[in-house]
Amino acid sequence: MSHDIDSAAECDRQRIRRTRRLFHAMTAVAVLISAALGASAMAAPPAAAPPPPSTADQERGMRAGLPFQDPPVADAGSAADPDLTITLDAGRSRFDISGKEVYGATYTGTYIAPTIHADPGATVTIHLVNHLPVATNLHFHGLHVSPEGQSDDPFLCVAPGADTTYRLAIPADHPQGTFWYHSHAMGTTCPAPGAPDTSGTAGMAGMAGMPGDVENQIFAGLSGALVIGDDRTLLPADLRHVTAHTLVLKDVQLDPVGHILQNTDTATINSDNPTVRLVNGRLRPVLSMRPNETQLWRLANAGADIFYQLHLDGYHFTVVGEDGTPVARVTTADTLLLPPGKRYDVLVTAGAHPAKATLRTTAYTNGPQGDAYPDTELATIRIAGDQLRRLPELTGSIPTAPADLATEPVARRRTVDLTESADGNTFYINGQQFAAGSSVFATPAKLGTVEEWTLVNHSGEDHPFHLHTTAFQVLSANGTPEPYTHRQDTVPVPHAVNGTPGTVVIRVAFTDYPGKWMFHCHIAAHEDHGMMSFINVVP
């Protein structure tokens, strides 16, 4: 009897143990299933990022329609002493844009930097003090000055908290026109003092490699106009005293609290996103003219990445200078394309009666792999007051225009291939990314010679090609010859179509200065990510 009870009890205990094992097994399975579901949820793609703020949202708090204002001017102020000395304090700043508080970077505490004005033959001394948390420097875009020493040397590096002094010896025969200056920081740090320079070039060449910081710094605000001489003095007597205005074109992308967007670990500047277009730091200002009045406008795209296609409703532009160089033949145009870095000096004549006109950048795309920009109003031209005598249209050549290079002997021909990765994040010249210590050309150029370069764009977006130190002459674009009217330092190379690359053929005269003459795409994001090199120029 007792044995039977013990046996029954043992059976009950075994059933309980089996039940407990089953319960624990089921619990373990449930835990595994729950964990798997949790892991699956964690592995799911994150929710889509919110769309960027619209242009209207970014403009909120700005006041449109303020009177047009030229940038402040830093000049010598004395004919007896034409030399100029100024200080630029580069640093993060809070400033006003059309009544809205904005955070970015400036040279003097205001978003629009002073226009540096100097005459041919002057010496310009610029003391650059770096209050930024990253390295910086300066490039004097378009100036024909030395690319070495404390002149227009983009390899100079000014570390955070440091300073340096640039001395620009402007030649006595330097072209009169519109140029600009901006940060050309090819990295965010400088080499440590005494560290070996493996790049083969001192200064910024020893910085911490690509990507550069040009896009961030220009986009934040570090750019301004630079005017050499006064090209009105080259015009017929009736035009030498017309009103001149400088129009510095920049754009900003603002976050909800008013900070200009920067490339960081959590954000990226996207030139295809909504942006606010500004003229001298003002939103759609009002520029006044009298009926029949002629003015000279100095137009400069001083932004980082985007194109402007300018159009003045009902009017045309009379081009007297391009990229700081007087033209060999005056032309008129209904629209002017200004890729980043481009400048034009133009005459504009108002209508005979009181009216208003709109200066706009028209809808434009720079290729299927590039950006599409909407039609955007930039400024209102208000024509009012007493009628003036209408001046005759200007034709012919502007004095001091450089000579035609088409008949010059060519010492060497070179090809510049522009390519990019399929995702549009990596850029190349002749299959190489920028390396501070080596050029894509093994053979240097020689002073006193003329070379012919064929620029070939294999990508699906236009690349504005810029050469430092001198202006060049365009001979043809996509096989179509271009008659000589001017020289320029920036030209958009058209994108490939149906597998056929876009091409531009240029001629370059190597005069005056040995050293490393840089060239690159002037979409700052592209040069930052590899589309840049230099050519060694030797005696």
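Which residue in β4 is the bridge partner of A74? The partner is I116. This is a predicted model, and that pairing is a good place to enter it.

Start with the strands around β4. Strand β1 covers residues 73–74, and strand β4 covers residues 115–118. The two run parallel and are joined by 2 bridges. β4 also pairs with strand β9, residues 223–228. Here 3 bridges make the link, and the strands again run parallel. A118 has its bridge partner in β9, namely I228. So β4 has bridges to β1 and to β9.

Now turn to another sheet. It is open and has 6 strands. Their order is β24-β23-β26-β31-β28-β29, and the pairing is mixed. Two strands stand at the edges: β24 (427–429) and β29 (480–481). Each has a single partner strand, so one side of each is left without a neighbour in the sheet. Look at the β24 edge. Strand β23, residues 412–420, is joined to β24 by 3 bridges, and the two run antiparallel. Within this pairing, E420 of β23 stands opposite F427 in β24. As a general point, side chains in a regular strand alternate between the two faces of the sheet.

Next comes a single residue, N301. Its place is in strand β13, which spans residues 294–301. Is N301 buried or exposed? N301 is buried, because its relative accessible area is 0%, and the cut-off for buried is under 20%. Its contacts fill in the picture. Leaving aside neighbours within four places in sequence, N301 touches W180, L249, I306, F307 and Y308. N301 is also in contact with L338, P339, P340, G341 and K342.

The cysteines come next. The structure holds 1 disulfide. C157 and C190 form it, with their sulfur atoms 1.7 Å apart. The angle about the S-S bond is -90°, and the link is left-handed. What does the pair tie together? C157 lies in the loop between β6 (139–141) and β7 (163–169). C190 lies in the loop between β8 (177–182) and α3 (214–220). The pair therefore ties together parts that are 33 residues apart in sequence. C157 is partly exposed, with a relative accessible area of 22%. C190 also counts as partly exposed, at 22% relative accessibility. Another cysteine, C521, counts as buried, at 2%.

Finally, consider the empty spaces. The largest pocket has a volume of about 570 Å³. Its lining is made up of 31 residues. Nearest its centre lie E215, T268, I269, A525 and H529. Which helix gives the most to this lining? The answer is α4, with 3 residues. Both α3 and α4 (524–528) supply at least two residues each. By class, the lining of the largest pocket has 8 nonpolar, 15 polar and 8 charged residues.

There is an enclosed space too. A search of the whole structure finds 1 cavity of 30 Å³ or more. About 40 Å³ of space lies in the largest cavity. Its lining includes Q432, Q433, F434 and A435. S438, S439 and V440 line it as well, along with M532 and S533. This lining has 4 nonpolar and 5 polar residues, and no charged ones.

Notes. Residues are numbered from 1 along each chain as its sequence is written. This is a predicted model: local features need pLDDT of at least 70, side-chain atom pairs count only at pLDDT 80 or more; totals for chains, interfaces and linings use all residues. Side-chain values use heavy atoms; hydrogens and water are left out. Two strands pair if DSSP finds at least two bridges between them. Helices (H or I, at least four residues) and strands (E, at least two) are DSSP runs, numbered from the N terminus. Buried means under 20% relative accessible area, exposed over 50%, partly exposed in between (1.4 Å probe, protein chains only). Contact means heavy atoms within 4.5 Å. On a 1 Å grid over the protein atoms alone, a cavity is a set of points where a 1.4 Å probe fits but cannot get out, and a pocket is an open set with protein on both sides within 12 Å along at least five of seven lines; lining residues have an atom within 4 Å of a point. Grid points are joined across faces, edges and corners, and a volume is the space filled by probe spheres set on the points. Ala, Val, Leu, Ile, Met, Phe, Trp, Tyr, Cys and Pro count as nonpolar, Asp, Glu, Lys and Arg as charged, and the others, Gly among them, as polar. A disulfide is a pair of cysteine sulfur atoms within 2.5 Å.
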